[in-house]
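Reader: Please take me through the ring pairs, the charges placed over rings and the helix contacts of this structure.

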Amino acid sequence: MGSGLGQSLLDVLRSHSAVDCDTFDVEVPKRLGPFVDCTSNQAIAYHELIRPDESGKPLHAQLIRDAIDFASSKSSTYPGVDVAELAVEAMMVKLALRIVPYLKGYSHIQTNPKYAYNKQKTVENGKRIVALFKDLDPAYDAKRVCIKVPSTWEGMQACRELENAGIATLATTMFCMEQAALATHMGCTYIAPYINELRVHFDASYVDEHKAFDFCGSAQKFYEKIGSKTQVLPASLTSIQEVMKLAGAHHITIAPHLLTKLAETPADHWEGETGSVFRDRTEEGLGDYSGIVEDESAWRLAFTRSQEGKAEVKNIQAINIFCEKQDALEALARQ
């Protein structure tokens, strides 16, 4: 994978993968876009919403107030939904809509992680998020909304129902082939293999010693082998070295500080790996998961035993972190 004269690493990456921005900061795509998709989650939303402006005042105070007022006005439309929860969804949609002019593809919004083990509530949540896009910007093509759902059994059953309703989904918090096989069987548009477990972004002293490069490469090869429409979109990256190893992924989503480093690094000075995760990968060793994707108990056991339990532990950890951020967002809405 060569590089042209005068190119940055971001240019090189864009020649091999669809590059997405993992942020709600509109200045990032303004400066470095356009991007294909924009991904987000409760952590990204919370830390964007509490960000101060140059004078130290809350940057998004008006957006938060507007979202709360909007949610209050819609309480009769969604009688079973707490106004604070609805306000959080409106906040995320409002943040996403600001970035739409700098995108070619989807805006990704994550469902409430507290519904990770509830299929019906996840389906309702996903449909409600799409409806909020239509309410808040009637001109926006709601077919360009992608609903992110944690990769539990219930979550991926919800993805099947949403996809059947014409709503794109991404199976997130993904760490193993058992999850990847179920996601494509459910018809998910994307999966997001977490290269690093989510904890690394919230604990500066922690390093993931079992990064998911091999899983990510295997998932993409598996999908190619079976002719799947599901695309691999690696996430949770911590360095430009990790990013460049993943050149050749169908999609890749990248945080602002890494996008900036990629844009500032001349490609002709790069001595690191480029695309090594997918280079020379064969179908040898790819498993057969057909016996578990329609059998809940068999799938749950296989997931529990995957990587001697490490995959399930990482998934539970990620859902816990996102639940904490959901609580923090709802607290903003109740101020």
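Author: A definition comes first: a helix axis is a line fitted to C-alpha atoms over the stretch in contact, and the angle between two axes runs from 0 to 180 degrees between N-to-C directions. The model discussed here is predicted.

Reader: At roughly what angle do the axes of helix 7 and helix 12 cross, and are the two helices perpendicular or oblique to each other?

Author: The axes of helix 7 (residues 153-164) and helix 12 come within 11 Å and cross at roughly 125°. Angles of 65 to 115 degrees count as roughly perpendicular and those over 145 as roughly antiparallel. Helix 7 and helix 12 are therefore oblique.

Reader: Which residues make the contact of helix 7 with helix 12, and how do they divide by class?

Author: Helix 7 contributes Trp 153, Glu 154 and Met 156, while helix 12 contributes Glu 296, Trp 299 and Arg 300. By class, this contact of helix 7 with helix 12 has three charged residues, no polar residue and three nonpolar residues.

Reader: How are helix 3 and helix 5 oriented, and which residues bring them into contact?

Author: The axes of helix 3 (residues 42-49) and helix 5 (residues 83-99) cross at roughly 80° and come within 11 Å. This crossing makes the two helices roughly perpendicular. On the side of helix 3 the contact is made by Gln 42, Ala 45, Glu 48 and Leu 49, and on the side of helix 5 by Met 91, Met 92, Leu 95 and Arg 98.

Reader: How many residues of the contact of helix 3 with helix 5 are nonpolar?

Author: The residues of this contact fall into three classes, with two charged and one polar. The nonpolar count is five.

Reader: How many aromatic pairs does the structure hold, and is the pair of Phe 222 and Tyr 223 stacked or tilted?

Author: The structure holds seven aromatic pairs. In one of them, the ring centres of Phe 222 and Tyr 223 are 6.1 Å apart and the planes stand at 50°, so this pair is tilted.

Reader: Are Phe 222 and Tyr 223 buried or exposed?

Author: To count as buried, a residue must have under 20% relative accessible area. Both Phe 222 and Tyr 223 are buried.

Reader: What is the geometry of the pair formed by Trp 299 and Phe 303, and which residue forms one aromatic cluster with them?

Author: The rings of Trp 299 and Phe 303 are 5.0 Å apart centre to centre, with 25° between the planes, and the pair is stacked. Both residues lie in helix 12 (residues 296-305), four residues apart, which means that about one helical turn separates them. Trp 299 and Phe 303 are buried. The residue that forms one aromatic cluster with them is Trp 153.

Reader: Which residue lies over the face of Phe 213, and at what distance from the ring centre?

Author: Phe 213 is placed in helix 9 (residues 213-226) and is buried, with a relative accessible area of 12%. Leaving aside neighbours within four places in sequence, Phe 213 is in contact with Ile 195, Glu 242, Lys 245, Leu 246, Val 277 and Arg 281. The residue over its face is Lys 245, and the distance from the ring centre is 4.2 Å.

Reader: Where is Asp 82 found, and what separates its C-alpha atom from that of Arg 128?

Author: Asp 82 is found in the loop between helix 4 (61-73) and helix 5, and at 38% relative accessibility counts as partly exposed. Arg 128 lies over the face of Tyr 78, at 5.9 Å from the ring centre. Along the chain, Asp 82 and Arg 128 are 46 residues apart, and their C-alpha atoms are separated by 13 Å.

How values were computed:
Residues numbered from 1 in each chain as written. Predicted model: local features only at pLDDT ≥ 70, side-chain atom pairs only at ≥ 80, totals over all residues. Heavy atoms only, no water. Phe/Tyr/Trp six-rings, centres within 6.5 Å; stacked < 30°, edge-to-face > 60°. Buried < 20%, exposed > 50% of the residue type's maximum accessible area, 1.4 Å probe, protein only. Lys NZ or Arg CZ within 6 Å of the ring centre and 35° of its normal. Contact = heavy atoms within 4.5 Å. Parallel < 35°, antiparallel > 145°, perpendicular 65-115°, else oblique. Nonpolar A, V, L, I, M, F, W, Y, C, P; charged D, E, K, R; others polar.
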